[in-house]
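Hi,

Here is the structure you asked about, with my notes underneath. Have it open while you read.

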Amino acid sequence: MAADTVAAVVATLRAGQRQRLVIGVGHGTCTCEGAAFEYTFDVEHELRMSGVHDLADVVYLTNEYELGDVGAGGMTFDQNGFTTSSRMWTESLLRERGVRAIQQAHVHRVDADCTVEPFDEWTAEHWPRTYQNPLGRNIFGIGIAFAPPHAISRPRKSPRGTVIAPAPPRTGMPSGVMGRMVERNLVDMIQGGAAAPTHSASMGAMGAACNASAGTGLRRGTAAAMTMYPIVPDLRRYPGTGRSSTDTYGEIGLAAHGTEHMLHYLFLYQAKASPGWQLIPR
Ligand SMILES: Cc1cc2nc3c(=O)[nH]c(=O)nc-3n(C[C@H](O)[C@H](O)[C@H](O)COP(=O)(O)OP(=O)(O)OC[C@H]3O[C@@H](n4cnc5c(N)ncnc54)[C@H](O)[C@@H]3O)c2cc1C
């Protein structure tokens, strides 16, 4: 019966309809998380092999306080001279396979409608990879046109209850990366006959650079330059801030102004398709 249900889910996904699959242990005191863990990855494997993984949101639901606990207080493995905890081991497998985890959970009831997750349960893995419209397969929404799945800055309310929630930035650099990726996919699909997009570019695995001018002048000009990676914080890959500390950087000063000045002319030159514009990196 479970196999029939999985086959039906795969058929629905093939028709382009997103599906959320929650697999795990339902009761807060039950045991044998290993079996739930195994079945989660069996299903995940099946989805990947069927080529429909991108449209599925696979969730491992567990009563474990920490992943890898398995009701046994966790384990420590010595491997190749390194000590690894079962928590790291489990978290890394989940990340590698694009499976989201809800831990410390007990199911009280199951509703027919999918509920919207609270802010803290959203992860970088929720972000779209191909920008293909799930219903209109020949429609792609890139740059400022695509609807982010969730806020990156924590949504808040004013004392009067007005929602104050900055939307995620879809700035020039990521918009350009998405555009090039979709362009390649269109070529592969139209000319190469690919049934689905062959390239992906999630904002959860993409960097951005911004330059904000703060005064002009050859010697006294100032600008604020900043880079971030990834745009959508990924606490699993970068515990703490969710971003790489080497690729997330900011500088204010004359050098940043020089960069801003140079980019200004390079962009205009490229936009006009003046001789040799193709040589300028996009
Ligand atoms: C002052 C300023 C500074 C910025 N600095 C940076 C920076 O340093 N780094 C960075 O990465 N990003 C920066 N950005 C952001 C960046 O410019 C935008 O995020 C980016 O251009 C979005 O790209 P897009 O292609 O999605 O949309 P857009 O560039 O807005 O393109 C949309 C296009 O659609 C056209 N259009 C709209 N309606 C229609 C219609 N009905 N029919 C046909 N065409 C239509 C518009 O004319 C426009 O050409 C800055 C933006 C501003 C305003």
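First, a bit of vocabulary: helices (H or I, at least four residues) and strands (E, at least two) are DSSP runs, numbered from the N terminus, and two strands pair if DSSP finds at least two bridges between them. This is a predicted model, so keep in mind that local features need pLDDT of at least 70, that side-chain atom pairs count only at pLDDT 80 or more, and that totals for chains, interfaces and linings use all residues. Residues are numbered from 1 along each chain as its sequence is written.

Now the hairpin. Strands β3 (residues 76-79) and β4 (residues 82-85) pair in the antiparallel sense over four bridges. Thr76 sits opposite Ser85 in β4. Two residues lie between the strands of this hairpin, and Asn80 has a positive phi near 50 degrees.

On the whole chain: the protein has five helices and ten strands, and its C-alpha atoms fill a box of roughly 70 × 55 × 45 Å along the principal axes. Of its 282 residues, 18% are buried. Buried here means that 20 or more other C-beta atoms lie within 10 Å of the residue's own; exposed means 12 or fewer, partly exposed is in between, and C-beta atoms are placed from the backbone. Taking contacts with a separation of 6 or more, 58% are between residues 24 or more positions apart. For a contact, the two C-beta atoms, placed from the backbone, lie within 7 Å.

Next, the sheets. As a reminder, strands of a sheet pair through backbone hydrogen bonds, either parallel or antiparallel. One open sheet has three strands in the order β1-β2-β5, with parallel pairing. β1 (19-24) and β5 (100-102) are at the edges with a single partner strand each, so one side of each has no neighbour in the sheet. From one strand to the next the twist averages 30 degrees; the axes are lines fitted to C-alpha atoms (for helices, over the stretch in contact), and angles run from 0 to 180 degrees between N-to-C directions. Six bridges hold the parallel pair β1 and β2, with Gln19 opposite Ala56 in β2.

The side chains along β2 alternate: Ala56, Val58 and Tyr60 point to one face and are buried, whereas Asp57, Val59 and Leu61 point to the other and are not.

Those buried residues turn up again in the largest nonpolar core, which has 13 residues; Leu47, Ala56, Val58, Tyr60, Val99 and Ala101 touch the most other members. Elements giving two or more residues to this core are α1 (2-14), α2 (33-49) and β2 (56-61). By nonpolar core I mean a set of buried Ala, Val, Leu, Ile, Met, Phe, Trp, Tyr and Cys residues joined through C-beta atoms within 7 Å. What does Val58 touch, leaving aside its neighbours within four places in sequence? Its contacts are Leu21, Thr40, Val43, Glu44, Leu47, Val99 and Arg100.

A second open sheet has three strands in the order β8-β9-β10, and this pairing is antiparallel. Here β8 and β10 (249-253) are the edge strands with a single partner each, so one side of each is left without a neighbour in the sheet. The twist in this sheet averages 10 degrees from one strand to the next. Strand β9 (residues 223-228) is joined to β10 by five bridges, and Met226 has Gly250 in β10 as its bridge partner.

In the loop between β9 and β10 you'll find Asp234. Asp234 counts as buried because it has 20 C-beta neighbours inside 10 Å. Beyond its neighbours within four places in sequence, Asp234 is in contact with Ala124, Gly204 and Gly242.

For a contrast, look at Lys272, in the segment after α5 (254-271). Lys272 is exposed, with 9 other C-beta atoms within 10 Å.

Last, the ligand. Around it are Gly143, Ile144, Ala145, Arg170, Thr171, Gly172, Met173, Ser175, Ala208, Cys210 and Asn211. The elements that give two or more residues to this shell are α4 (172-190) and β8 (208-213). A residue is near the molecule if its C-beta atom, placed from the backbone, lies within 6 Å of it. The shell divides into five nonpolar, five polar and one charged; Ala, Val, Leu, Ile, Met, Phe, Trp, Tyr, Cys and Pro count as nonpolar, Asp, Glu, Lys and Arg as charged, and the others, Gly among them, as polar.

Cheers
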